[in-house]
Amino acid sequence: MSRSRLAARPQWQALERHAARTGELHLRELFATDPRRGEKLIAQAVGLYLDYSKQRIDADTLALLHDLAVACGLPQRIEAMFRGERINVTENRAVLHVALRAPAGEKILLDGHDVVADVHAVLERMAEFAGKVRSGAWLGYTGKRIRNVISIGIGGSDLGPVMAYEALRHYSQRDMNFRFVSNVDGTDFVEATRDLDAAETLFIICSKTFTTLETLTNAHAARAWFLNATGNEQAIAKHFVAVSTNAVEVRKFGIDTAHMFGFWDWVGGRYSMESAIGLSTMIAIGADRFGEMLAGFHAMDEHFRHTPLQQNLPVLMGLLAIWNNNFLDAATVAVLPYEQYLKRFPAYLQQLTMESNGKHVTLDSAEVDYATAPVYWGEPGTNGQHSFYQLIHQGTRIGPCDFIGFCQPLNPLGDQHDLDQHDLLMANLIAQGEALAFGRTTAEVRAAGTDAALAPHRTFAGNRPSNTIIAEKLTPHALGTLIALYEHSVFVQGIIWDIDSFDQWGVELGKQLAQATIAELSAKEEPKLAHDSSTNALIRRYRRLRGGSNPGSGA
């Protein structure tokens, strides 16, 4: 059987041979050989400091990865994205999320049209609206100011805004409540609204087509909840706005299209949080701080586009991920932010990374014969240390880790007489990377006084790879740089794997099958089922326990 185009490349095969020679080389040896390794294998730009010295690599590894990147046309593909070429080949679309954060006056042309001007026209409308809501100038139908904002979306229309709000909650307007509804499970909506006054509540419905089933189901639940509380259809225009491009459906819903904020098909959902999808974020933190976040994104964009590959943060992150995934057989990446405000960041990265690169065919539709996206997961430190860190330290599989921390706390606790809690937090971050890299040998355990029978349980193999990313402080600008770092790292990996990182056909089949199944679940008469025996049995059991032949009746 012939190998794929990537696996047949001499540069890929050179990496395979290199991995066979060096795969068991221990980080203890690498640091012993070069005591200044931790000062050399670092890169920094736009306020981020990346220490990748605890990766299982040497100078030859980096050189071979660089050669692979060049052979795969990485520099040219980066330029193609920034030029607006249609690099999303299966949908024949440009990929221009970088235009969402380009400064006013910069030009990015798509088919001869400057999309940056369009972006800033929407941003100006968003800023005007957000300012009115924040100041109390925008009033509900009774004359009360808006105190509650509920953003309704799903996927990229939810994960980005909720992550950004949680990450920047420190900067948010505290006399307002911000909540997010995405799950079609009614519990999500009910719990988000149960203690709110409809007269003080604004809903933002985020759906580009205004036809997304889950989002529109929740949107209609919101409409019914509002009308049940107010009995006033005319008031909907004061309490609902849309992020969409479908003016007909928006108007039919009852939303004034003057309060519809658009975006474009060259923005994938998981890359859209800086667009009008981020309206809830802008209302929470204000237009100025939203602009600071966009500036952070843009700073990383410029670094990615113009910095040589060897010093390029997203390129380094992407190539190290290739090395771990494809040559060290590491199937997961743990993202471990030592910052409570980033508690939703791992969930955000799950979509960004796995929806982008969870692909099984190449750009020219050939089956891959190598692993593509690893599984991303994680929780904030120090919580994770008391749950899953046992596995990453002493489990049978290696799981590379990204540690993320900030030198200045947003909420300092402690004084000169007490333990500074931020020092304790960051001490844990630094110590965990050290422990994963170097472990503890049986001889070291025995020398500490542990008896022979217990020594194996206290031995740590070490040699577990990690990155450490440090910034001065979690600001809107820093958040923008951090998100863009991972966005572009994902793109780098997709280029090497020769896949389309910007489509998501894998989400379609389940949704299509659900359309047929929902009719069978809610049918008044017993439906004639033609699924497999498992699916048929599950449908029958649900119908029986839900309420007999008419589950929708509640009987």
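## Exercises on pockets, cavities and one helix

The largest pocket has a volume of about 1,200 Å³. The model is predicted, with a mean pLDDT of 95 for the protein chain and 98% of its residues at 70 or more. Over residues 551-555, however, the pLDDT is below 50, and beyond near neighbours in sequence this stretch has seven contacts in the model.

**Exercise 1.** Describe the lining of the largest pocket by position, element and class.

*Solution.*
- Step 1: the lining numbers 41 residues, and those closest to the pocket centre are Ile154, Thr212, Val507, Glu508 and Lys511.
- Step 2: at least two lining residues come from each of α7 (156-167), α9 (213-230), α15 (345-357) and α20 (508-522). The largest share, five residues, belongs to α20.
- Step 3: sorted by class, 15 lining residues are nonpolar, 17 polar and nine charged.

**Exercise 2.** Do the same for the second largest pocket, starting from its volume.

*Solution.*
- Step 1: the volume of the second largest pocket is about 440 Å³.
- Step 2: Gln340, Asn411, Gln421, His422 and Leu425 lie nearest the centre, out of 16 lining residues.
- Step 3: the classes are seven nonpolar, eight polar and one charged.

**Exercise 3.** State how many cavities of 30 Å³ or more the structure holds, and characterise the largest and the second largest.

*Solution.*
- Step 1: there are four such cavities.
- Step 2: the largest cavity has a volume of about 130 Å³. Its lining has 17 residues, with Ala321, Val333, Tyr376, Asp402 and Asn467 closest to the centre.
- Step 3: α14, β10 (332-337) and α19 are the elements that give two or more residues to this lining; α14 has the largest share, five residues. By class, the lining of the largest cavity has nine nonpolar, seven polar and one charged.
- Step 4: the second largest cavity holds about 60 Å³ of space. Among the residues that line this cavity are Thr22, Arg56, Asp58 and Trp323. Its lining divides into four nonpolar, three polar and two charged residues.

**Exercise 4.** Identify the buried residues of helix α5 (residues 74-82) and what covers them.

*Solution.*
- Step 1: taking under 20% relative accessible area as buried, the buried residues of α5 are Leu74, Ile78, Ala80, Met81 and Phe82.
- Step 2: the spacing can be read against helix geometry. An α-helix has 3.6 residues a turn, so residues three or four places apart point the same way.
- Step 3: the cover over the buried residues of α5 includes α4 (59-71), α13 (287-306), α14 (313-327) and α19 (476-497).
- Step 4: after α5 comes Gly84, with a positive phi near 85°.

Terms used: Residues numbered from 1 in each chain as written. Predicted model: local features only at pLDDT ≥ 70, side-chain atom pairs only at ≥ 80, totals over all residues. Heavy atoms only, no water. Buried < 20%, exposed > 50% of the residue type's maximum accessible area, 1.4 Å probe, protein only. Helix = DSSP H or I, 4+ residues; strand = E, 2+ residues; numbered from the N terminus. Contact = heavy atoms within 4.5 Å. pLDDT = per-residue confidence, 0-100. 1 Å grid on protein atoms, 1.4 Å probe; cavity = no way out; pocket = protein on both sides within 12 Å on 5 of 7 lines; lining within 4 Å. Points joined across faces, edges and corners; volume = space filled by probe spheres on them. Nonpolar A, V, L, I, M, F, W, Y, C, P; charged D, E, K, R; others polar.
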